[in-house]
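Here are some notes for a colleague who is opening this model for the first time. They go from the whole chain to a few helices and then to single residues.

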Amino acid sequence: MAATTDARALPAIGGADLRRWRRNLSDPAVGIWLAALAVTVLGWAVVAVRGGEFLTQSNITGILQNCVALGLIALGQTMVILTGSLDLSVAYLASLGTLVAAETMAGDDGNLVLGILAVLALCTGVGLANGLIVTKLKVNAFIATLGVALILRGWIEDNYTGPAGQVSPGFQRLGYDRIGPIPVSLFLLVGVALALWFVLRHTRLGHHMFATGGDEHAARLSGVRTGRTVLIAHVLCALCVGMAALFLTARFGSGSPWAGTEASYDLESIAAVVLGGTILAGGRGGVVGTLGGVVVLAVLDSVFDQLAIDPFFKNVLRGVVIIAAVAVYARRRRSTRRSA
């Protein structure tokens with residue numbers, strides 16, 4: 001009898017395992033990393049057919065370096081989007097951050113710590129301003145952060161016409177040192193990602209962020225201080241931008257008024273977040289998927305550059321990829337709701 005019971009139990013266990021695997025594969029974070037792998041393999045094949053070399057050490061290093069600044073900003077953007085908010089000031093804040101860092105350091109290693117603190121203080125102030133405008137003045141996050149972006153833009157254009165300041169010589173190692181093909185700056189990105197992942201998954205603040213983005217009214221009735229949660233999310237986002245600005249300063253050797261805007265980090269960061277499966281309405285997503293979205297965009301950029309694709313057509317292709325990814329996620333959510 002025991003043998004019969006065990007035999008009957010086996011199919012049920014196998015069915016549960018199969019359903020678990022299906023749920024894992026339907027997770028957007030898993031899907032975007034599989035897509036990153038597929039894009040890398042496809043890019044290697046296409047470049048090889050054209051007579052180029054894609055998976056060289058220099059190219060891999062370049063892709064990873066391109067992930068750092070965008071990845072840091074996208075991680076910060078993930079925090080605000082999870083709460084149902086948004087930040088369009090990140091590109092100009094990154095530009096201003098490079099200028100503040102380089103001018104404060106003034107080429108002297110003795111000013112290194114002061115330069116870092118100045119950038120983080122600037123970003124904390126801007127993050128607080130964004131959060132307070134959204135939560136206290138009840139201004140829509142799109143309009144609030146766009147207004148702050150225009151203020152930062154006006155300050156930059158009125159005070160700078162080109163590169164300014166000089167980075168401390170020792171600080172440039174952050175931008176150029178590497179271990180084999182792996183840039184040292186990648187450890188900064190991984191460290192920030194791990195810290196934010198821990199916050200989202202294992203702290204009360206993280207749970208409050210998901211609750212606020214999922215249903216702000218219900219979260220408030222449950223005792224969540226939604227205003228404070230959104231405010232903290234904006235400060236965390238701005239601090240991530242500050243770290244990206246420090247990395248960019250180390251790469252450039254000086255401050256650049258166009259560091260953030262030329263790379264379109266405002267729209268690029270939102271695209272990476274959306275590609276990673278975080279929904280713009282908030283309440284669902286995470287940093288793992290965002291990093292996958294960053295990798296996809298970085299690999300696509302590298303492939304397009306090696307194929308010398310026209311910039312206009314490059315943007316068209318990237319737009320198609322983003323729209324297709326969002327459409328797939330939306331279809332999966334609808335099918336999940338119907339099955340439920």
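**Notes on the model**

1. The secondary structure of the protein chain amounts to 14 helices and two strands. The model is a predicted one. The chain has 340 residues, of which 43% count as buried. Among contacts in the chain with a separation of 6 or more, 79% are between residues 24 or more positions apart.

2. Start with helix 4, residues 90-105. Its 16 residues, at 1.5 Å a residue, should span 22 Å, and the C-alpha atoms at its ends are 22 Å apart, so the expected and modelled values agree. Helix 4 is mostly covered, with 12 of its 16 residues buried. Val90, Ala91, Leu93, Ala94, Ser95, Leu96, Gly97, Thr98, Leu99, Ala101, Ala102 and Met105 are the buried residues.

3. What do the buried residues of helix 4 pack against? Their partners are helix 3 (57-82), helix 5, helix 6 (141-159), helix 11 and helix 12 (265-275). Two of the points below return to helix 11, once with helix 4 and once with helix 5.

4. Helix 4 and helix 11 pack with their axes 8 Å apart, at an angle of about 55°. The two helices are therefore oblique to each other. The crossing of helix 4 past helix 11 is right-handed. On the helix 4 side the contact is made by Val90, Leu93, Ala94, Gly97, Thr98, Ala101, Ala102 and Met105, and on the helix 11 side by Cys237, Ala238, Val241, Ala245, Leu246, Leu248 and Thr249. By class, the residues of this contact are 12 nonpolar, three polar and no charged. As background, an α-helix has 3.6 residues a turn, so residues three or four places apart point the same way.

5. Val90 is a residue of helix 4. Is Val90 buried or exposed? Its relative accessibility is 1%, and since buried means under 20%, Val90 counts as buried. Leaving out neighbours within four places in sequence, Val90 is in contact with Ile73, Gln77, Cys237, Val241, Tyr265, Asp266 and Ser269. Of these, Cys237 and Val241 also appear on the helix 11 side of the contact with helix 4. The C-alpha atoms of Val90 and Thr145 are separated by 8.7 Å, with their positions 55 residues apart along the chain.

6. Helix 5 (residues 112-135) also packs with helix 11 (residues 226-252), at an angle of about 150° and with the axes 7 Å apart. That angle makes helix 5 roughly antiparallel to helix 11. Helix 5 passes helix 11 in a right-handed crossing. From helix 5, Ile116, Val119, Leu120, Cys123, Thr124, Gly127, Leu128, Asn130, Gly131, Leu132, Val134 and Thr135 take part, and they meet Gly227, Val230, Leu231, His234, Val235, Ala238, Leu239, Val241, Gly242 and Leu246 of helix 11. This contact has 14 nonpolar, eight polar and no charged residues.

7. Two loop residues deserve a look at their backbone. Ala106 follows helix 4 and is found in the loop between helix 4 and helix 5. Its phi is positive, about 50°, although Ala106 is not a glycine. Ser264 lies in the loop between helix 11 and helix 12. Phi of Ser264 is likewise positive, near 50°, in a residue other than glycine. Ser264 is partly exposed, with a relative accessible area of 30%.

8. Which residues does Gly206 touch, not counting those up to four places away in sequence? They are Val199 and Leu200. Gly206 lies in helix 9 (residues 204-214), and at 0% relative accessibility it counts as buried. The C-alpha atoms of Gly206 and Leu82 are 9.5 Å apart, while the two residues are 124 residues apart along the chain.

9. The last residue is Ala38, found in helix 2 (residues 28-49). Ala38 has a relative accessible area of 43% and is partly exposed. C-alpha to C-alpha, Ala38 and Val296 are 9.3 Å apart in space, and in sequence they are 258 residues apart.

Terms used. Residues numbered from 1 in each chain as written. Predicted model: local features only at pLDDT ≥ 70, side-chain atom pairs only at ≥ 80, totals over all residues. Heavy atoms only, no water. Axes fitted to C-alpha atoms, helices over the stretch in contact; angles between N-to-C directions. Helix = DSSP H or I, 4+ residues; strand = E, 2+ residues; numbered from the N terminus. Parallel < 35°, antiparallel > 145°, perpendicular 65-115°, else oblique. Left-handed = near helix turned anticlockwise from the far one by under 90°. Contact = heavy atoms within 4.5 Å. Nonpolar A, V, L, I, M, F, W, Y, C, P; charged D, E, K, R; others polar. Expected span 1.5 Å × (residues − 1). Buried < 20%, exposed > 50% of the residue type's maximum accessible area, 1.4 Å probe, protein only.
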